[in-house]
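The following exercises ask you to read burial, contacts, charge pairing and internal space from a set of coordinates. Work through each task before turning to its solution.

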Amino acid sequence: MKLKPLILTALLVMTLITFHSNAQESRCTNYGSVISSLYNSIETLNVKKLKAINKYLKNHCVHNNIETHLLFSELTIADAEKDRNNIELIRNKIIALNILDKSNPRFAWHLYVMAQSWFWDSKTEKAIALLSEYKSYFIGEPKNSIEVRALSLIGGYFDNAESSIEKEKNTYFDKAEIKANEIGDPELILYVNFRKGSEAYPDINTDSAVEYKKKKDKWVSILDSVNSCVTKAEVLLYWGYLEIEDKNKSLSTLKEAIQILSDFGVTRTALDGSILYIQLLQNYGEVSEAEFMINKLIEDHYSLMDDYQIKKLYEWLFELSKSQKRFEDAMKYKDNYYENLLSEDDKSQKELDELLAEYKVEEQKSANRILEQSLEVTKLEKENEKQKNYILVMFIITLSITVLLLSLIVYRSQKSKNELSKLAMIDVLTGAPNRRAITLQATKELAIAQRKCQNLTILLADLDNFKSINDIYGHDMGDFVLKKFADIASENIRAMDKFGRWGGEEWLFILPATSIEEAKNLFERLSSKLSKVEVDGLSNITFSMGAVELYSNSDSDLNSLIRKADDKLYIAKKSGKNRVCFAPK
């Protein structure tokens, strides 16, 4: 009986030890330090570290007030991974809870995350509106690194704003640069310089030799001083694609940037970098590697890509297969291109081609039937000499009827063929020339320009956020925007200029005897008139454009010129849209 109290005592001691051990394991240690690390990871966009911190907070710190911290952390992760569903969900929750509060010690981080989220979602006007609403917070000098980043964002966004605040951009950049140099963090200094945009980059086309070298040396020095980080990767993407002429160095620079972005978990920008890398591979003739990477991107990241990126990848696959005479693969990719990316109206061109082919077959069958009838008459004539005169009369009558029918068939055939040919050259929705028509016109104008040694400018335009217009306002509104753009373009080009619908929301312009500067004027006219269109709540419609100029001594072919214009259109899209980007001289 004396053993029972001893056993109970031992059990009680073991229970207390277990409880104490579990309490130690679940205790939230160094909470302040963890939260500081979370916001530092938001600043530097270290997504993988953010995920680990979130997991720690949820497992160990549930009794602390962590909801606000987690919301902004998870929005940063969703943006970096292009998680569209969660982006909208978290952003709406932040707005509904009215969390943005200038009295909150973490307000600068919260504002930075929200503005960055709007920008990544291609809603720059909302980012600008948000930063304009709270810009009074930054009247004084920045106090820390996050305020330096926020000021850089304000300067960068206001640079694109169509209002008086554009004039304030240099003030914000100056404050940010002074504080970044004072803090002395190389990554922060690189961030500020990168956000300044194109005016800070070396440009061999516009800078003097001395200025170009000075800018380039500055960037090389900054890059060398910075450890692996997302900001460095973003700069390397730009540098690798636009500033380096050596093939191997270009490709290795882009590859390094993509690897850094993948290491930090920034899937969205890694995807953009991969597409730039594929574009360079094609420019350098590395066809096999380009095709392998395109297929891998489609397999791994199809759900993350927007319609423009998907369209571009399938178009590249089609061109690569066609250039290697793998026509079966080419047609498969072309079918994917039509089925997944073009509107129903664009499919009418394919159907029209098929109808024309069927008509030609029927026309040949009719001709064969008429010939068989004539032969039958001749056979009957030989079999019955006694009825020669009768058969002769019948033959003449039959022949006359046959000739009459044949004439009628030929007349109707020619009339139908003319109507089909006309339809085959017109875009059914907008009434503008379709891709076939504008391609024929472009080929003709290019030949004239090369023969007469004249300049020729080719523009490739693409309506901005067209998928969003269809999704939000419906396809009828999308059709209206396409028709309106066609009407505005038709009214504002010269009689000698040509334009047509290239596919979907893309348009091709052919401007004979036109310089890049004159082409820019056309872009501004079209952009101004299109932005004034307002209907059923839709306004501020914009488009982006890529431009390339054929000089009098050039022997470039049409495909290469359009490809260059398309490359510049892609850069215009990724630089903020609503702009024209020119191929360098």
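**Exercise 1.** Locate Ser556 relative to the secondary structure, and decide whether Ser556 is buried or exposed.

*Solution.* In this predicted model, Ser556 is found in the loop that runs between strand E4 (543-550) and helix H24 (558-574). The next step is the accessible area: the relative accessibility of Ser556 is 18%, and because buried means under 20%, Ser556 counts as buried. Finally, leaving aside residues up to four places away in sequence, the contacts of Ser556 are Leu446, Gln450, Leu550 and Leu561.

**Exercise 2.** Place Glu67 in the fold and state which residues Glu67 touches, not counting residues up to four places away in sequence.

*Solution.* Glu67 belongs to helix H4, and with a relative accessibility of 43% Glu67 counts as partly exposed. When residues up to four places away in sequence are set aside, Glu67 touches Lys93 and Leu97. A distance can be added to this: Leu57 and Glu67 are separated by 10 residues in sequence and by 9.8 Å in space, taken from C-alpha to C-alpha.

**Exercise 3.** Examine the salt bridge between Glu506 and Lys311, and explain which parts of the chain the pair ties together.

*Solution.* Begin with the general principle that side chains of opposite charge can pair when their charged atoms come close. The side chains of Glu506 and Lys311 meet at 3.6 Å, N to O. Since Glu506 lies in strand E3 (residues 506-512) and Lys311 in helix H16 (residues 307-323), the pair ties together parts that are 195 residues apart in sequence. As for burial, Glu506 is buried with a relative accessible area of 2%, and Lys311 is buried as well, with 5%. The last step is to look beyond the pair, for Lys311 and Glu506 are linked with Asp462, Asp464 and Lys573 in a network of salt bridges.

**Exercise 4.** How many salt bridges does the structure hold, and what do the pairs Lys123 with Glu88 and Asp497 with Arg494 look like in detail?

*Solution.* The structure holds 26 salt bridges. In one of them, the side chains of Lys123 and Glu88 meet at 3.5 Å, N to O. Lys123 lies in the loop between H6 and helix H7 (124-133), whereas Glu88 lies in helix H5 (residues 84-97), so this pair ties together parts that are 35 residues apart in sequence. Both partners count as partly exposed, Lys123 at 27% relative accessibility and Glu88 at 31%. In the pair formed by Asp497 and Arg494, the closest N and O atoms are 2.7 Å apart; here Asp497 is buried, with a relative accessible area of 8%, while Arg494, at 35%, counts as partly exposed.

**Exercise 5.** Describe the largest cavity by its volume and its lining.

*Solution.* The count comes to one cavity of 30 Å³ or more, and the volume of the largest cavity is about 170 Å³. Its lining consists of 18 residues, of which Ile42, Glu43, Leu45, Tyr112 and Gln116 lie nearest the centre. Two or more lining residues come from each of helix H2 (31-44), helix H4 (67-80), helix H6 (107-120), helix H10 (186-195) and helix H12 (230-242), and H6 gives the most, with five residues.

**Exercise 6.** Find the nonpolar surface patch that includes Leu405, and place Leu405 in its helix.

*Solution.* The patch is formed by Val393, Met394, Ile397, Ile401, Leu405, Leu408, Ile409 and Tyr411, which together have about 700 Å² of accessible area. Leu405 lies in helix H19 (residues 388-423) and, at 44% relative accessibility, counts as partly exposed.

Methods:
Residues are numbered from 1 along each chain as its sequence is written. This is a predicted model: local features need pLDDT of at least 70, side-chain atom pairs count only at pLDDT 80 or more; totals for chains, interfaces and linings use all residues. Side-chain values use heavy atoms; hydrogens and water are left out. Patches are made of residues with over 30% relative accessible area and no salt bridge: like charges are joined within 9 Å, nonpolar side chains (Val, Leu, Ile, Met, Phe, Trp, Tyr) within 5 Å. Accessible areas come from the Shrake-Rupley method with a 1.4 Å probe; for residues, only the protein chains shown count as cover. A salt bridge is a side-chain nitrogen of Lys or Arg within 4 Å of a carboxyl oxygen of Asp or Glu. Helices (H or I, at least four residues) and strands (E, at least two) are DSSP runs, numbered from the N terminus. Buried means under 20% relative accessible area, exposed over 50%, partly exposed in between (1.4 Å probe, protein chains only). Contact means heavy atoms within 4.5 Å. On a 1 Å grid over the protein atoms alone, a cavity is a set of points where a 1.4 Å probe fits but cannot get out, and a pocket is an open set with protein on both sides within 12 Å along at least five of seven lines; lining residues have an atom within 4 Å of a point. Grid points are joined across faces, edges and corners, and a volume is the space filled by probe spheres set on the points.
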